[in-house]
Amino acid sequence: MVAPDHLLEFAGLAVVLVVVPGPSVLFAITRAITFGRREALFTVAGNAVGVYVQVAAVAFGLGTLVAASATVFTAVKLVGATYLIYLGVQAIRRRAELAEAFTAEVPALRRGSVTMARDGLVVGFANPKSVVFLAALLPQFVDPDHGWVPGQMLVLGLCIPLFGLIFDSTWALTAGAARAWFARSPRRLAAVGGAGGLVMIGLGTSLALTGRKD
């Protein structure tokens, strides 16, 4: 369905896009240090699903709408920004609970895997910059002579979440390995919780204040 040379070219571009640290990488690192590697990997998986939902939306028309409409762009952007800021505030409010979580192995943290995946999905989907990027880029690698155009976009778009799973998981595992050092001190843990919250608030604020490039 997809021309092999187009797939290779888009895959190369997707590697460049994913390997450069962005909001999803920072989000995964924060979750790895705050909650642990397992939870961070669920966040990464959720983020990959969210990104692929973007790909599907672009393939079936939403990307064009977002690219053309400042109102839709702003709405999607503000949803993502608000959710990140909310998560950041929650992390700061609960930073004192981290020490107890590490020492007592609170079961709620393990049951939070679905929540972690959901958070990652929302953050991955509600990034309007990548929607616009996909809307502008995917059509350039589609060949109408090779069949159903949305299907070609869905195949090409798989590259981004797949590479995201690989590289973001690597970041998360590396950050999670440093978690034990922080676990030896409740004060360090509180600082990590607060810093992680500030990072997410900063990401949300930056997303809210960033305008579109026409």
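1. Salt-bridge count. Three salt bridges are found in this chain. The model is a predicted one. The pairs are R31 with D119, E39 with R38, and D119 with R118. Each is taken up below.

2. The long-range pair. R31 and D119 join side chain to side chain, with N and O 3.1 Å apart. This bridge ties together distant parts of the chain. R31 belongs to helix α2, residues 23-35. D119 belongs to helix α8. Along the sequence, 88 residues separate the two. Is R31 buried or exposed? R31 is buried, because its relative accessible area is 5% and the cut-off for buried is under 20%. D119 passes the test too: its relative accessibility is 3%, so it counts as buried.

3. The neighbour on D119. D119 also meets the side chain of R118 in a salt bridge, again listed at 3.1 Å from N to O. R118 has a relative accessibility of 45%, so it counts as partly exposed. The buried D119 therefore pairs with a partly exposed R118.

4. The network. Which residues are linked in a network of salt bridges? They are R31, R118 and D119. D119 takes part in the bridge to R31 and in the bridge to R118. For general background: side chains of opposite charge can pair when their charged atoms come close.

5. The remaining pair. E39 and R38 meet in a salt bridge at 3.9 Å, N to O. The cut-off for a salt bridge is within 4 Å, so the 3.9 Å of this pair satisfies it. E39 is buried, at 1% relative accessibility. R38 is partly exposed, at 39%.

6. The nonpolar patch. V49, V53, L121 and F125 make up a nonpolar patch on the surface. Together they offer about 280 Å² of accessible area. Which elements give two or more residues to the patch? They are α3 (37-59) and α8 (113-125). V49 sits in helix α3. Its relative accessible area is 44%, so V49 is partly exposed. Patch residues need over 30% relative accessible area, and V49, at 44%, meets that cut-off.

7. Packing of α3 and α11. The axes of α3 and helix α11 (residues 159-177) come within 9 Å. They cross at roughly 160°. That angle makes α3 roughly antiparallel to α11, because the cut-off for that class is over 145 degrees. What is the handedness of the crossing of α3 and α11? The crossing is right-handed.

8. A contact far along the sequence. A195 lies in helix α13, residues 186-209. The C-alpha atoms of A195 and G88 are 9.1 Å apart. Along the chain, these two are separated by 107 residues. A195 counts as partly exposed, because its relative accessibility is 38%.

9. Overall make-up. How many helices and strands does the chain have? It has 13 helices and zero strands. Read along the sequence, the pattern is α repeated from start to end. The chain has 214 residues, and 44% of them count as buried. R31, D119 and E39 are among the buried residues.

Notes:
Residues numbered from 1 in each chain as written. Predicted model: local features only at pLDDT ≥ 70, side-chain atom pairs only at ≥ 80, totals over all residues. Heavy atoms only, no water. Patch = residues over 30% accessible without salt bridge, like charges linked within 9 Å, V, L, I, M, F, W, Y side chains within 5 Å. Areas by Shrake-Rupley, 256 points an atom, 1.4 Å probe, with all protein chains shown as cover. Helix = DSSP H or I, 4+ residues; strand = E, 2+ residues; numbered from the N terminus. Buried < 20%, exposed > 50% of the residue type's maximum accessible area, 1.4 Å probe, protein only. Axes fitted to C-alpha atoms, helices over the stretch in contact; angles between N-to-C directions. Parallel < 35°, antiparallel > 145°, perpendicular 65-115°, else oblique. Left-handed = near helix turned anticlockwise from the far one by under 90°.
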